[in-house]
Amino acid sequence: MREFLEEAEVFNAENVLEYISEIAKFHRIQGSKELVEAAKYILEELRVNGIKAGLFEDVYDGERWHLTLVSPIAWDLIHGEVEIVGKRITTSKTPLLVMAHSPPGKAEGEVVAIEREEDWENAKGKIVMVGEKWHENYKKANEKGALAFIAYRKGTGKAFPYIGLFLAKNDLEWAKIPAVALSEELANTVIGKLKKCEKVTAKIKVETLISDSQALPIVYATVGKPPYVLFVAHICHPRPGANDNASGAAMLIELAKVLNNLYNDSFRFGFAFLWIPEHYGTQAFIEKYAKLDDYYVAINLDMVGGSEDRANSTIMIIRTPLSRFSIVSGILEYYLNLANSGGESFGGSPLPKLKIRSYPYELGSDHDVFNFFGIPSVMPITWPDRFYHSSEDSVEKISKESLEIIGKAVLATALALAKAKKEELERFARGFTMKYLGELSIERDLEVAEKLVMLGLSRDSEFLGLNIGHKFTFEPWLKWNKKGIIYPRSVKQIDEKKGAELEKILEDKKMSILLHELLMLGEIMPKGEAFKALEEEYGQFEKEKLEKAVEILRSLGIVVF
């Protein structure tokens with residue numbers, strides 16, 4: 001199947017860089033007018049290139065639920081400025097100075113750094129500065145009578161961090177004080193002075209517009225006819241947000257152009273392309289517009305422009321969860337490794353240009369939601385990125401090499417799925433299945449995983465016209481009644497106490513991954529087998545915590561037994 005990577009040479013990373021530059025000009029905060037403007041820019045580029053595309057809309061109003069997520073408020077930044085330790089910073093330097101969704105306001109007063117719980121005793125009438133749990137601590141700052149809120153994030157150096165409050169409309173009953181964000185460097189200067197018992201004062205001005213509503217934009221394009229291979233990228237995040245995620249959104253434009261030119265009626269799949277605000281837009285799309293039966297698999301492009309000069313970044317291949325096993329994970333992995341070949345070993349074998357590795361399913365982007373709804377979804381992503389969610393995530397730091405490797409591999413994956421001969425795909429499926437199960441079995445005995453892999457292969461066969469896999473009939477443990485990403489913050493909108501309990505359980509990011517995969521497994525098989533499959537996929541975990549989390553969701557009607 002190597003020939004499909006040769007066909008993918010038509011992918012042009014220079015075009016992607018140009019699109020990144022344009023998208024990065026917009027301050028694409030969820031609920032803002034510039035997010036809508038960015039979507040319209042993408043829509044126009046598609047139409048100019050003769051691609052069938054449309055702009056769907058939902059609404060940001062702070063009240064509407066997009067499946068499991070309550071809408072943030074409609075919000076726009078007008079101006080912000082901070083005077084502190086002899087410096088004056090304004091939003092002309094970076095819009096990230098003002099925390100996304102901050103209420104407007106002015107404040108002048110003494111700064112208190114909150115490093116211990118007892119520091120809150122001095123918050124009243126002061127400007128508080130906090131380095132973690134920003135949403136939780138912002139609420140506490142309001143409750144304690146602080147004048148304003150300053151956030152910073154460790155590890156950002158001179159960069160200003162992107163921190164969003166994602167306030168709902170009922171949050172505005174308590175969210176009154178302006179919120180800004182400083183670089184770690186500035187925050188450390190303040191902390192250093194305070195530790196020397198020097199008084200530090202700040203002057204803060206935030207001008208924002210909170211509206212009744214704003215459009216939630218969804219750009220959707222198709223090439224050919226269903227069933228589709230779906231490509232997804234989120235368009236939100238602040239200016240510049242080049243790698244996260246102007247890079248994925250821009251790559252999708254180039255892929256749509258190329259596949260529009262290459263497509264013909266002999267392809268077994270058409271192609272669909274989706275640009276959305278992260279998670280909120282994906283869930284709005286599924287709730288209002290998606291025809292799930294039209295999609296074979298989804299490929300989510302998020303942060304595809306990083307490279308090794310970004311804190312030793314790795315191209316990560318996030319596979320489908322075991323509950324949604326599909327050979328698409330293996331095909332993408334195959335082409336990424338081929339596209340990443342360069343140079344020679346001492347024996348003449350190819351060496352990788354960049355670090356690359358496959359990982360079991362991880363939570364954190366729009367592939368999540370499609371997996372929840374039964375569409376096997378994978379994600380290539382460059383990580384870590386020391387400019388992540390900061391003012392330094394700028395266009396000049398994008399790696400053209402990463403764009404070329406990922407873009408050509410994704411294009412080759414699409415072409416292989418659409419055009420490869422059945423016998424080639426069957427051979428590949430057998431090989432990848434052995435590799436996948438072999439990797440799991442190195443550390444653990446397998447009892448359930450093999451059945452789930454066969455079940456996934458049977459679905460692959462239905463779409464690809466193959467004769468592999470086997471359907472198994474299980475008795476499901478539960479029904480995921482209110483399906484979607486589960487954030488404790490959203491659960492708190494329903495029940496504050498239970499949301500806080502869930503938040504404590506999910507403090508470890510791994511627990512959130514396990515919980516969502518457990519729910520997917522629970523819809524397929526009995527409880528005992530679901531837990532066994534989870535252990536075979538991820539290894540040992542705290543079963544009692546997961547059972548408690550599921551019970552909280554059951555008590556709220558999110559799942560039913």
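In this predicted model, helix H5, which spans residues 184–195, is home to Ile-191. This isoleucine is buried, with a relative accessible area of 9%. Setting aside residues up to four places away in sequence, Ile-191 is in contact with Ala-113, Glu-115, Met-129 and Tyr-152. Ala-39 lies 152 residues from Ile-191 along the chain, and the C-alpha atoms of these two residues are 41 Å apart.

Two prolines deserve a look at the backbone. The peptide bond that leads from Pro-226 into Pro-227 is cis, and its omega is near 5°. Pro-227 sits in the loop that runs between strand S11 (214–223) and strand S12 (228–234). A cis peptide bond is also found between Arg-239 and Pro-240, where omega is about 5°. Here the setting is the loop between S12 and helix H6 (242–262), which holds Pro-240.

The backbone also has residues with positive phi that are not glycine. Val-85 is one of them, with phi near 40°. This valine belongs to the loop between strand S4 (74–84) and strand S5 (87–90). Its side is neither fully hidden nor fully open: Val-85 is partly exposed, at a relative accessible area of 24%. Phe-166, likewise not a glycine, has a positive phi of about 45°. The loop that carries Phe-166 connects strand S8 (148–151) and strand S9 (179–181).

Turning to the cysteines, the structure contains 0 disulfides. Cys-197 is exposed, with a relative accessibility of 74%. Cys-236, in contrast, is buried, at 1% relative accessibility; the cut-off for buried is under 20%, and that for exposed is over 50%.

Charged side chains offer a further view of the model, with a count of 28 salt bridges. Among them is the pair of Arg-64 and Asp-58, whose side chains meet at 3.1 Å from N to O. The two partners differ in their surroundings: Arg-64 is partly exposed, with a relative accessible area of 35%, whereas Asp-58 is buried at 3% relative accessibility.

Another salt bridge pairs Arg-116 with Asp-119, and their closest N and O atoms are 3.1 Å apart. In this pair the arginine, Arg-116, is exposed, having a relative accessible area of 51%. Its partner Asp-119 counts as buried, with 9% relative accessibility.

A salt bridge also links the side chains of Glu-117 and Lys-140, at 2.9 Å from N to O. Glu-117 lies in the loop between strand S6 (105–113) and strand S7 (127–130), while Lys-140 is part of helix H4 (residues 134–143), so this pair ties together parts that are 23 residues apart in sequence. Glu-117 is exposed, with a relative accessible area of 52%, but Lys-140 counts as buried, at 18% relative accessibility. Elsewhere, Arg-319, Glu-333, Lys-435 and Glu-439 are joined into one network by salt bridges that share partners.

Definitions and conventions:
Residues are numbered from 1 along each chain as its sequence is written. This is a predicted model: local features need pLDDT of at least 70, side-chain atom pairs count only at pLDDT 80 or more; totals for chains, interfaces and linings use all residues. Side-chain values use heavy atoms; hydrogens and water are left out. Helices (H or I, at least four residues) and strands (E, at least two) are DSSP runs, numbered from the N terminus. Buried means under 20% relative accessible area, exposed over 50%, partly exposed in between (1.4 Å probe, protein chains only). Contact means heavy atoms within 4.5 Å. A disulfide is a pair of cysteine sulfur atoms within 2.5 Å. A salt bridge is a side-chain nitrogen of Lys or Arg within 4 Å of a carboxyl oxygen of Asp or Glu.
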